[in-house]
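Here is a short briefing to read alongside your structure. Keep the sequence and the 3D view open as you go.

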Amino acid sequence: MQRSYLQKIAMRNEKSYHSASVLLVDDNASFIELISLLLHEIGVSKIITANCHEEGLKAFQQNTPDICIFDTDLGKNKKNGIQLAEQIRGFSARTPIIFI
């Protein structure tokens with residue numbers, strides 16, 4: 001079985017992503033699907049998704065993920081990913097947050 005490029009990268013890393021949980025917040029369902037597929041490719045098995053600020057905050061509080069990936073722009077007239085990150089920092093100063 002041939003490994004994908006992302007799987008090869010993940011294998012080079014000493015850490016195992018299999019037990020990691022990722023919170024992915026984006027208002028674009030297609031983008032959530034794409035990022036989820038890429039995360040699965042490197043072995044991430046637990047992906048929590050939300051499509052708005054409020055759902056993302058609730059998901060964080062219920063799941064306490066290892067890593068967060070937030071869209072900086074969550075649509076018009078909505079709180080954005082940066083504001084969500086600021087709220088998350090109130091709960092956890094150590095959880096890595098990646099902005100897309």
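The notes below go from the overall layout to a few residues worth finding on screen.

This is a predicted model. The protein has four helices and four strands, and along the sequence they alternate in the pattern α-β-α-β-α-β-α-β. Of the 100 residues, 36% are buried.

**The sheet**

- The four strands make one open sheet, with parallel pairing and the order β2-β1-β3-β4.
- The edge positions belong to β2 (46-50) and β4 (97-99); each has a single partner strand, so one side of each lacks a neighbour in the sheet.
- From one strand to the next, the twist averages 20°.
- As a general reminder, strands of a sheet pair through backbone hydrogen bonds, in either a parallel or an antiparallel way.

**Strand β1 and its partner β2**

- Strand β1 covers residues 21-25 and runs parallel to β2, with five bridges joining the two.
- To trace the register, start with V25 in β1, whose bridge partner in β2 is A50.
- Next, look at L24, which stands opposite T49 of β2.
- How many residues of β1 are buried? Five of its five residues are, so the strand is mostly covered.
- The side chains alternate: S21, L23 and V25 point one way from β1, while V22 and L24 point the other way, and all of them are buried.

**Helices on the sheet**

- Helix α2 (residues 29-41) packs on the sheet and touches β1, β2 and β3 (67-70). Its direction makes about 170° with that of β2.
- Helix α3 (residues 53-63) also packs on the sheet, touching β1, β2 and β3. For α3, the angle with the direction of β2 is about 150°.

**The α3 and α4 pair**

- The axes of α3 and α4 come within 10 Å of each other and cross at roughly 20°. Because of that angle, α3 counts as roughly parallel to α4.
- The crossing of α3 and α4 is right-handed.
- On the α3 side, the residues that meet α4 are H53, G56, L57, F60 and Q61. Their counterparts in α4 are Q83, L84, Q87, I88 and F91.

**H53 up close**

- H53 is found in helix α3.
- Is H53 buried or exposed? Its relative accessibility is 3%, and because the cut-off for buried is under 20%, H53 counts as buried.
- Which side chain does H53 reach with a polar contact? The side chain of Q87 is joined to that of H53 by a polar contact of 2.6 Å.
- Both H53 in α3 and Q87 in α4 are among the residues where these two helices meet.

**D71 up close**

- D71 is found in the loop between β3 and α4 (81-91).
- With a relative accessibility of 12%, D71 counts as buried.
- A polar atom of the D71 side chain lies 3.0 Å from the backbone nitrogen of D73.
- Setting aside neighbours within four places in sequence, D71 is in contact with V25, D26, D27, G81 and I100. Among them, V25 is the β1 residue whose bridge partner is A50 in β2.

**Contacts across the sequence**

- Among contacts in the protein with a separation of 6 or more, 72% are between residues 24 or more positions apart.

Conventions
Residues numbered from 1 in each chain as written. Predicted model: local features only at pLDDT ≥ 70, side-chain atom pairs only at ≥ 80, totals over all residues. Heavy atoms only, no water. Pairing = 2+ DSSP bridges. Axes fitted to C-alpha atoms, helices over the stretch in contact; angles between N-to-C directions. Contact = heavy atoms within 4.5 Å. Buried < 20%, exposed > 50% of the residue type's maximum accessible area, 1.4 Å probe, protein only. Polar contact = N/O pair within 3.5 Å; in protein donor to acceptor, adjacent residues only side chain to side chain. Parallel < 35°, antiparallel > 145°, perpendicular 65-115°, else oblique. Left-handed = near helix turned anticlockwise from the far one by under 90°.
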